[in-house]
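Trainee: I have just opened this one and hardly know where to look. Could you walk me through it?

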Amino acid sequence: MTMTTQPRHLASYYDVLVVGGGPAGLAAALGARETGAERVLVVDRELEAGGILLQCIHSGFGLRYFREEITGPEYAERSLEQALESHVDVLSDAFVFDVTEDRTVAIMSPTVGVATTTAASVVLAMGARERTRGAIAIPGTRPAGVLTAGLAQKLVNLHGYLPGRRVAILGSGDIGLIMARRLTLEGIDVVGVFELMPHANGLSRNIVQCLDDFDIPLHLSTTVVDIVGHDRVEKVTVAPVDAHLTPQLDRSWDVACDTLLLSVGLIPENELSRQLGVRMDPLTNGPVVTSEMETSVPGVFAAGNVAHINDLADWVSEEALIAGRAAGRRATGQRVPADNIRVLPGRNVASVVPHSISTDRVHTLYLRVKEPMLEDSLIRLGDVHERKVRALVPAEMASIKAAPRLLEDFHGDALRIDAVPAQEVTT
Amino acid sequence: MRYDVAIIGGGVVGCAIARELSRYHLDVVLLERDAEVGFGTSKANSGIIHAGAHAKESTRMGPLEWAGNQRWGPLVEQLGIGFRRVGELVVAVEPEQIHTLEELLAQGLARGVPGLELWEPERIRQAEPNISEDILAALWAPTAGVINPYEATLLLAESAARNGVEVHTDREVLALDSDADATWTVKTAAQTYTARFVVNAAGLRSDHIAELAGVGDFKINPRKGEEYLLDKRVAGLVSRIIFPCPTPKTKGILVIPTVDGTIMVGPTAEDIDSKDDTATSEEGADKVFRSVQRLVPGISRKDVIASFAGLRAEPTTGDFIIGPTARKGFINAAGIKSPGLTSSPAIAAEIVDVLADEGLGLRLRDDFEPTLPHPARFATLSLHQKIQLAAADPTYARLVCRCEHITEAEVTDAIRRGSHTLDGVKFRTRAGMGRCQGGFCTWRVMELLAREQGIPVTEVTKRGGNSWVVRPRQDPVSEEVAS
């Protein structure tokens, strides 16, 4: 799939410049073109745009956004096609290393060298990175063979190499679950998935299709307490944890393996955003954004996993369209009414995006709960609206709509989002 | 051929000795058991160049500490080693500790260490606003600095090699013997060497090497130190090295503003049995953070991005073991514990003196090149410089490490200058040392290591030996055919 026409020169000005060519960046660029922005550039750091989707060779993508189930590379290809057909420029093998408040963008690439350009609007769409061993501080030695599940996926699916022969997986995030199946299919012995929490962190469908169907054991409330090996991993020690997540070392056991994959969560990639000084939300680890996905720096927007971690590429694309359209409108001098209500996470809500809305149009608010709610539950938007859902778990993002007719009688300046058991409300 | 000198051990001490000897017309070989120099104790060092006031004058360490400190100044310039003379504050939290500070002050003044001052709380907090309010007094020592210890080690080795020293890695010494005319035979699995002099700079295993030479009259006990590196976000929390008041066993657990602008906390000091046990532990982390939070309350475990542990070579004599032995031609530079990194250039100079006393003829070379080329570090340049550099060499415009902004040109330069493992490239360039800890750049560095050395990526290792990173895919068809 080589269809990118690599621009040889960087123009001195773009209406919209998008940092990152994954599903967020490509959809944002498309959104920008829809609003009439003429010069739209996507800058991607890999040789081929498409982002992490290119290494996600399994299916399960696109049901919502493309109305059909496709694989990750197919999703990437369609997103790229859409962008190119609408005359978006895509510069790949290029890295944005600085964005300033006046939206001067510094780019490095073997084709254009080091150069700067300016843009009326900038969309940050750098995606996410995986949490590492350091971030979760697993004790032990530091041999070869400890790597994130995403890196393992890249090695196997993009480059055709295996990360090891006998693999343990810490964390039940989706990439880890997908890799448990993928490595099993490659003839590798996947000895088990160990999850610190009492509940799995990945989508339910992945637990069934990637672990259960392949008889790979999932050990909940269990974590890795030691990594052993000098040159290469020789074994890991695992132990159950108590209600306070403290490992019970007297009940530990050894698991022989030469590889430990980590699937312990994603963190929005916001090096550039921090460099630029946009206001960050410690709950999402992403920028604080308006309903137009605009950050605290005017003209700089955030799209996709940069703003908050999504479960599905489809959601990323939908939200990025909003960001891209807003970026395009700003670049072409179109205006929308400003937000007038702040949105706050309330009971059992870990985070909400966007951070504000306006009373004149329909918005979708995306949220994640802190604790699993396995009974019928309600998502409540202040006192103005509620939505019944069957179950809410931290691994799966939920949403609720806010519409002008619901907000007609609301006179405050902040709405709290709560997730409460349905029973509590009805009785 | 018979070498004039075989140095056993490619840590910072062995490499400093090699570099010092490369000033003379000599045939010198340095033997390192690991895949690259500095992969043992040196790479896990706290990276402090001590102010010069810590070690007691009555020890070998005392004068060498201060002499070493002064020698690092020109060395870092010549070799391009990352170094910042940030100064240190040794702080007292108990009234009786003020007395220890006064002793250190007197010791430093007697030795001629400049700039030492006792600071009152107000002055301390003016300089370091994030330091604990419980601190009663501090000894300010502006001569202390921070250095990249792995970079120091490998650049010393590189400088030695450019001046003619042979640096042989993957050479674990298995046996040592000397004949009647005092020619030493040094046996390794790959090769056997002969030399007039053997310098034992084998660090943790210097007791074993001395034993092989028949002069094993000391033991080295490993003393583990765990270190925790914090996220760039907290850079600036302190701008000076913060020491607690030292005890006889250790200088304590420090807050270190590293050369690269991040904060590192550690080390612990735990006497252990195994010379291979570089595991970090929950208890170690707990000890480090409880201790440093008393000095700087804002430090949090949540900000850890990497942890590691190293083993100090703690000699049973309690002091550096430097000098000739009962076996002619066998010279010790052993038991180099803290302040070993600081002292190493001075130890090297002393070893040269010892060798001369023992009969090694020294004739200065007039073609000795003291400086190394300083490759451009893309991340540290101005935008204008970056544009110019990339115009001259497009590989400076191709990013390899997204966290530290390391370019392909820097990685290939590191490989061409001798780094041949992932860790080696990391220590030389910082690729993989940032927040994502190699999640993004590992494959790119592997490809460059494979390309530059003409090897398949399956032969690329993390740090040599059995530390392979990837395996070829199993081909079910050919396996079926084979069976």
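Mentor: We can go through the overall build, then the helices, the sheets, the contact between chains and a few unusual backbone spots.

Mentor: Please keep in mind from the start that this is a predicted model.

Trainee: Okay, how many helices and strands are there in chain A?

Mentor: The secondary structure of chain A comes to 10 helices and 30 strands. Its radius of gyration is 22 Å, close to the 22 Å that the globule rule gives for 427 residues, so chain A is as compact as a globular protein of that length.

Trainee: And what box do the C-alpha atoms of chain A fill?

Mentor: Taken along the principal axes, the box is roughly 65 × 65 × 40 Å.

Trainee: Let's do helices. How do I even describe two packed ones?

Mentor: Two packed helices are described by the angle between their axes and by the distance between those axes. Take helix H1 (residues 23-34) and helix H8 (residues 313-331) of chain A, whose axes come within 6 Å and cross at roughly 40°. H1(A) and H8(A) are therefore oblique to each other, and H1(A) passes H8(A) in a right-handed crossing.

Trainee: Which residues make that contact?

Mentor: On the side of H1(A) they include Ala24(A), Ala27(A), Ala28(A) and Gly31(A), while H8(A) contributes, among others, Val316(A), Ala320(A), Leu321(A) and Gly324(A). Sorted by class, the contact of H1(A) with H8(A) has 14 nonpolar, four polar and three charged residues.

Trainee: What about H4(A) and H5(A), at what angle do their axes cross?

Mentor: The axes of helix H4 (residues 149-157) and helix H5 (residues 174-185) of chain A cross at roughly 40° and come within 9 Å. An angle between 35 and 65 degrees counts as oblique, and that makes H4(A) oblique to H5(A). The crossing in which H4(A) passes H5(A) is left-handed.

Trainee: And who meets whom there?

Mentor: From H4(A), Ala149(A), Gly150(A), Ala152(A), Gln153(A) and Val156(A) meet Ile175(A), Gly176(A), Met179(A) and Arg182(A) of H5(A). That contact of H4(A) with H5(A) has five nonpolar, three polar and one charged residues.

Trainee: Switching to sheets, in what order do the five strands of the open sheet in chain A come?

Mentor: The order of that open sheet is S25-S23-S30-S27-S28, and its pairing is mixed. Strand S25 (356-357) and strand S28 (385-389) of chain A stand at the edges with a single partner strand each, so one side of each is left without a neighbour in the sheet.

Trainee: How does S28(A) pair with S27(A)?

Mentor: Strand S27 (residues 377-381) of chain A pairs with S28(A) in the antiparallel sense over five bridges, and Ile379(A) stands opposite Arg387(A) in S28(A).

Trainee: Does chain B have something I could look at alongside that?

Mentor: In chain B, three strands form an open sheet in the order S3-S8-S4, with antiparallel pairing. Strand S3 (48-49) and strand S4 (83-84) of chain B are at the edges, each with a single partner strand, so one side of each has no neighbour in the sheet. Two bridges join S3(B) to strand S8 (residues 145-147) of chain B, and Val146(B) in S8(B) is the bridge partner of Ile48(B).

Trainee: Now the two chains together: how many residues are in contact?

Mentor: 42 residues of chain B are in contact with 40 residues of chain A. On chain B, the elements that each supply at least two residues of the touching side include helix H7 (282-295), strand S18 (304-315) and strand S23 (471-472). The residues on that side of chain B divide into 20 nonpolar, 14 polar and eight charged.

Trainee: Which strand of chain A is joined to S23(B)?

Mentor: Strand S11 (residues 161-162) of chain A runs antiparallel to S23(B) and is joined to it by two bridges, with Tyr161(A) opposite Pro472(B).

Trainee: Last topic, what about the odd backbone spots?

Mentor: Most residues other than glycine have a negative phi, and most peptide bonds are trans. Arg103(A), although not a glycine, has a positive phi of about 60°, and Arg103(A) lies in the loop between strand S6 (95-99) and strand S7 (104-109) of chain A. In chain B, a cis peptide bond joins Gly266(B) and Pro267(B), with omega about 0°, and the bond from Ser338(B) to Pro339(B) is cis with omega near 5°.

Trainee: Where is Pro339(B)?

Mentor: Pro339(B) is in the loop between strand S20 (330-334) and helix H8 (340-357) of chain B.

Technical notes: Residues numbered from 1 in each chain as written. Chains lettered and ligands numbered in written order. Predicted model: local features only at pLDDT ≥ 70, side-chain atom pairs only at ≥ 80, totals over all residues. Axes fitted to C-alpha atoms, helices over the stretch in contact; angles between N-to-C directions. Helix = DSSP H or I, 4+ residues; strand = E, 2+ residues; numbered from the N terminus. Parallel < 35°, antiparallel > 145°, perpendicular 65-115°, else oblique. Left-handed = near helix turned anticlockwise from the far one by under 90°. Contact = placed C-beta atoms within 7 Å. Nonpolar A, V, L, I, M, F, W, Y, C, P; charged D, E, K, R; others polar. Pairing = 2+ DSSP bridges. Rg over C-alpha atoms; globule rule 2.2 N^0.38 Å.
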